[in-house]
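Student: I'd like to go through this one by asking how each label is earned. Can we start with the whole chain and then zoom in?

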Amino acid sequence: MRRIDQNGHAPSNGGGLYPPAPGISADTAPASAAGPQRHFDDIVIRRMAHLRGPNIWTYRAVIEAIVDIGALEDYPSNTLPGFYERLTAWLPGLIEHRCSVGRRGGFLMRLRDGTWPGHILEHVALELQTQAGMKTGFGKARMTHEHGVYKVVIRTRNAAIGKLAIESARDLVMAAINDRPYDVAATIAKLTEMVDRQCLGPSTACIVDAATERGIPHIRLNDGNLVQLGHGAAQRRIWTAETDRTSAIAEGISRDKDLTKQLLAAAGVPVPEGRTVESAEDAWDAAEDIGLPVVVKPSDGNHARGVSLNLKTREEVMHAFAAAEAEGSEVIVESFIPGQEHRLLVVGGKVVAATRGEIIRVSGDGKSTIGQLIDTQVNTDPRRGEEEHLPLETLRAGDAVLLLLLQRQGLTADSVLPRGESAVVQRTGNMAIDVTGQVHPDIAEQMALAARVVGLDIAGIDLVVEDIAKPLRAQGGAIVEVNAGPGLLMHLKPAVGRAQPVGEAIAEHLFPGNGTGRVPIVGLIGDGESSLAARLIASLLQLHGQQTALACGDGLFLGTRQLSQTSALGYEPGERMLINRTVQAAVFETSPRHILAEGLPYDRCQVGVVMAMPGPEGLEDLYVTETDQMPNIVRTQVDVVLPQGAAVLNADDAEVLALADHSDGEVILYSLEADNAAVSAHRVRKGRAVLARGDAIVLVTGADETTLLNLSAPAFTELTTRLPADARPHVLAAVATAWALGVPTDLARANLLHFCVHSSTPAVH
């Protein structure tokens, strides 16, 4: 597989489908004396494509743009007066780009020495994405055979954002070249808004990132945070911090705070006394029955909105009821538990993270109102804001709970605090201090019990306790809420203490041990005539007892059913099958065009089969015109083979055989020539191969040989009459694939008979 360095960059020099852009090579552009400012026509972006799967550039999704730099082909960056200064002033973050130099400031070195706009466009687009909150490190710029036309490639997590980043980079670069004004802040603001609206939320993203680190593939299923981890029958689904193990009944129980407390109390878990109320008067009656002080809160609130604590008078309770009712749900009155609020995250029956809240105060300066102090001392906290990736919300001076809190201190939002005095402006909802390492085993046990009682596999439990390092009941602590789908940001970005690996904990919960959520995937490419091999392999896996999806040139199949008779080589049919929960194995045929235009529909495969090296015919629109460009395209199928998988290669094709070095897994060869020299050398290295020796198909491992079948035997008469005359390579490839997947030889033999008897493929002579 292509190796990506620790900064996300693939090597910039060396072989490739296209020659490196001039500015990326080791040579620098010739120096040129700065002359008068010349106006250049805008760079033209001819088209952009979203390569969603592994492709010729990398194994992740990229945007590939065809860029025509026009007359700028003759003007590298060091010949453009003031360009370097303007560009670096607008985007100082470019100093962090290592580029091919391999160290901080490497790109700026290239920029000073002289590089071309295609290369510059790549780095500017990446930097714009980074400034917008979507950091990606991979980019490429390569010349095509057409003068002044480049392929510019950037990694992106969202197609629309990636395309806008490239378009914006073009406009910014041209403004810097032609010494025009450019509103960088507005561009970044627009991209940031798109990132916030269209990318995965931080809670979902941390789980996906953790899964990716473990080699678990993922597919985003909607425009929101519904994500599939794994493939087919092995998949699991998450929606933010809820999973397909999260019971709808348990979620419903957690929303009903009264029912939750009843169930917890019945199980012996400490909870505050309280009940739901219907009016302000009813709230005061409940407070008197329970005993002051009390808490008034909405039954279905979040971020502690509408929650008022330590209420001691009728007036306070009446005002607190109005604030809680404004949140749109029922209102609860319950006894006030002295202590500090905490949030504990329980995953799979274990406490994996805990944070403690902090009381927020403002300090007077003798001239500013409390409302103004909130804006200057509280809302300037970089953790606060309306965006989803921020753990704390903006504090509103007109919030009813805040006004009540100030009133209880004899203040209003317009009060001016003398210098040296302070006021409390927020008591709840500020989970900022990590205390995971301090949780007492008794508290951890009680929290896990609470999650089990409600029925949640992932729960955010709100606990009030004086000291989380001491047993719960002895200090009069209590659980005040159990929440489904808890936010994870407070554990990922605490103000004090270490971030906790909550994404890893959830990934481990869904895929215990070394689980990866993968089903066997076979990827196959040839010279356009490889569908027969694909169908043979799919038939074999189906007979092996696995519900097998097949997407090939003959159509789309699920088990024995044909879903479509049109060619199914593209990304969409493949992804459709990997989403299907009944799929236990999959076989996907592809072509050079689909690798170039879309990428493969899977990230890695168990077996990658290359039957022949196709030619460049018909690929001119993709800037492929030469035969020597083809191996770099076809190697993508070998690049994605898993380390525990195998590449199955046609040893009779020297160009195919040369791809063996790119496999991370085993290499299994097949040949129609019993004395193939490459196979002989492979056997010396104890390698495996499948050979045709006369009418016999022979499996070899080093010096050992086993005859699988003899095509001249009467039992295989049907096989030889139904299959086309040139089908033998397909049979060898299918047998080698079966062997790579550990299918017993008896079953492989039976499959060939079964395929000919039951296949809908007509005989071809």
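Student: What share of the 765 residues in the chain is buried?

Tutor: Buried residues make up 54% of them, where buried means under 20% relative accessible area, exposed over 50% and partly exposed in between, with a 1.4 Å probe and protein chains only. Keep in mind that this is a predicted model, in which local features need pLDDT of at least 70, side-chain atom pairs count only at pLDDT 80 or more, and totals for chains, interfaces and linings use all residues. Residues are numbered from 1 along each chain as its sequence is written, and side-chain values use heavy atoms, with hydrogens and water left out.

Student: How many helices and strands does the chain have?

Tutor: There are 24 helices and 30 strands, taken as DSSP runs numbered from the N terminus: H or I of at least four residues for helices, E of at least two for strands.

Student: How many aromatic pairs are there?

Tutor: Three. Rings of Phe, Tyr and Trp (its six-membered ring) pair if their centres lie within 6.5 Å; planes under 30 degrees apart are stacked, over 60 edge-to-face, the rest tilted.

Student: Why is the pair of F40 and Y75 called edge-to-face?

Tutor: The centres are 5.0 Å apart, so the rings pair, and the planes sit at 70 degrees, so the pair is edge-to-face. F40 is in the segment before β1 (44-51) and Y75 in the loop between β2 (62-68) and α1 (83-90), 35 residues apart.

Student: What makes F40 buried and Y75 partly exposed?

Tutor: F40 has a relative accessible area of 4%, so it counts as buried. Y75 comes in at 28%, so it is partly exposed.

Student: Why is the pair of F588 and Y602 called stacked?

Tutor: Its planes are 15 degrees apart and its centres 5.7 Å, so it meets the rule for a stacked pair. F588 is in strand β24 (residues 585-590), while Y602 is in the loop between α18 (592-597) and β25 (605-610). Both F588 and Y602 are buried.

Student: How do you know that R688 lies over the face of W739?

Tutor: R688 is 4.8 Å from the ring centre. The rule asks for NZ of Lys or CZ of Arg within 6 Å of the centre and within 35 degrees of the ring normal, and R688 is counted as lying over the face of W739.

Student: Why is R103 called partly exposed?

Tutor: Its relative accessible area is 47%, so it belongs in the partly exposed class. R103 lies in the loop between α1 and α2 (106-113).
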